[in-house]
Amino acid sequence: MKKYLLALLIVPLISCANSNKEIPDLAYGKNIDVDIQTTMNHSKWNTLLQKHVSNKGNVDYKGFQKDADELKSYLDELAKNVPTKSWTKNAVLAYWINTYNAFTVKLILDNYPTKSIKDISDPWGKKFFTLGTKKYSLEEIEHEILRKMDEPRIHFAINCASFSCPNLSNEAYTSATLDKQLTDATKSFIADKTKNIITKDKVIISKIFDWFSGDFKKKGSVIDFLNQYSTIKINPNAKISYKEYNWKLNE
């Protein structure tokens, strides 16, 4: 009888242990199916973008200067709402893309007027803003966070304040619309003849495809990646060369 009672006591413990194993820990930004309500709201940034960025990606930095208080308010919200393990991957991606773009605008405003972001001392390596309790640089967001999230389309969403960069979108990235936004940004960039010249047998493409070639080759060649989004079907053995990069300010 004692053995029988002991067995009855052990069964629930085994059952609980097994059921716990079936509940996965939410990895940082990995679970894209869980509906999280406590992520960042980017509406303030969206309002500023709608007001100061044209459909062609031209940025009115003087206009941003006039709305410096509104921009600061949004940047303060970013600082107080750093992603946690409960956030979805799309929410994390949207946060860091918007953060990169918003602080790039802040960097330009802090040094305005300027003819190029490259005229600013160490623009990407300088840790000039704090999120939570940690200081960050733009290159840290790009290389240590965004590029490690296995989403090559981020290269067409983040903007380096220059004409040859992908256009700064005039809408904020959000978790709900992220996939469509990234696809649209990629298609738009590849189709932009000021940034890429594409024919069946020859492509003259942005240096972005050279600098970050490894990001675009994870599922094939660079041409394979281009063919996913280009309206012109490129031959696999097409000749590839790269356009000179224009670092002039995108205003």
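Here is a short conversation about a predicted model, its helix packing, its core and its sheet.

Visitor: Why is α4 called oblique to α5?

Guide: Start with the angle. Helices α4 (residues 68-80) and α5 pack at about 140°, and their axes lie 11 Å apart. Roughly antiparallel needs an angle over 145, and roughly perpendicular covers 65 to 115. The value of about 140° fits neither, so α4 is oblique to α5. Their crossing is left-handed.

Visitor: Which residues of α4 and α5 meet?

Guide: From α4 come L71, Y74, L75 and L78. Among their partners in α5 are Y95, A102, F103 and L109.

Visitor: What makes a set of residues a nonpolar core?

Guide: The members are buried residues of listed types, such as Leu, Trp and Tyr, joined through side-chain atoms within 4.5 Å. The largest such core here has 69 residues. W45, Y61, L78, W96, I97 and F209 touch the most other members. Helix α5 (residues 89-110) gives the most to this core, with 14 residues.

Visitor: What is Y61 in contact with, beyond its neighbours within four places in sequence?

Guide: Its contacts include V105, I108 and L109, as well as Y112, A161 and L249.

Visitor: How do you know that β4 pairs with β5?

Guide: Count the bridges. Pairing takes at least two. Four join β4 (residues 202-205) to β5, so the two strands pair. They run parallel. Within this pair, I205 stands opposite Y242.

Visitor: What makes β3 and β5 edge strands?

Guide: Each pairs on one side only. The open sheet has the order β3-β4-β5, with mixed pairing. Strand β3 spans 197-198, and β5 spans 239-242.

Notes:
Residues are numbered from 1 along each chain as its sequence is written. This is a predicted model: local features need pLDDT of at least 70, side-chain atom pairs count only at pLDDT 80 or more; totals for chains, interfaces and linings use all residues. Side-chain values use heavy atoms; hydrogens and water are left out. Buried means under 20% relative accessible area, exposed over 50%, partly exposed in between (1.4 Å probe, protein chains only). Contact means heavy atoms within 4.5 Å. Axes are lines fitted to C-alpha atoms, for helices over the stretch in contact, and angles run from 0 to 180 degrees between N-to-C directions. Angles under 35 degrees count as roughly parallel, over 145 as roughly antiparallel, 65 to 115 as roughly perpendicular and the rest as oblique. A crossing is left-handed if the near helix is turned anticlockwise from the far one by less than a right angle, and right-handed if clockwise.
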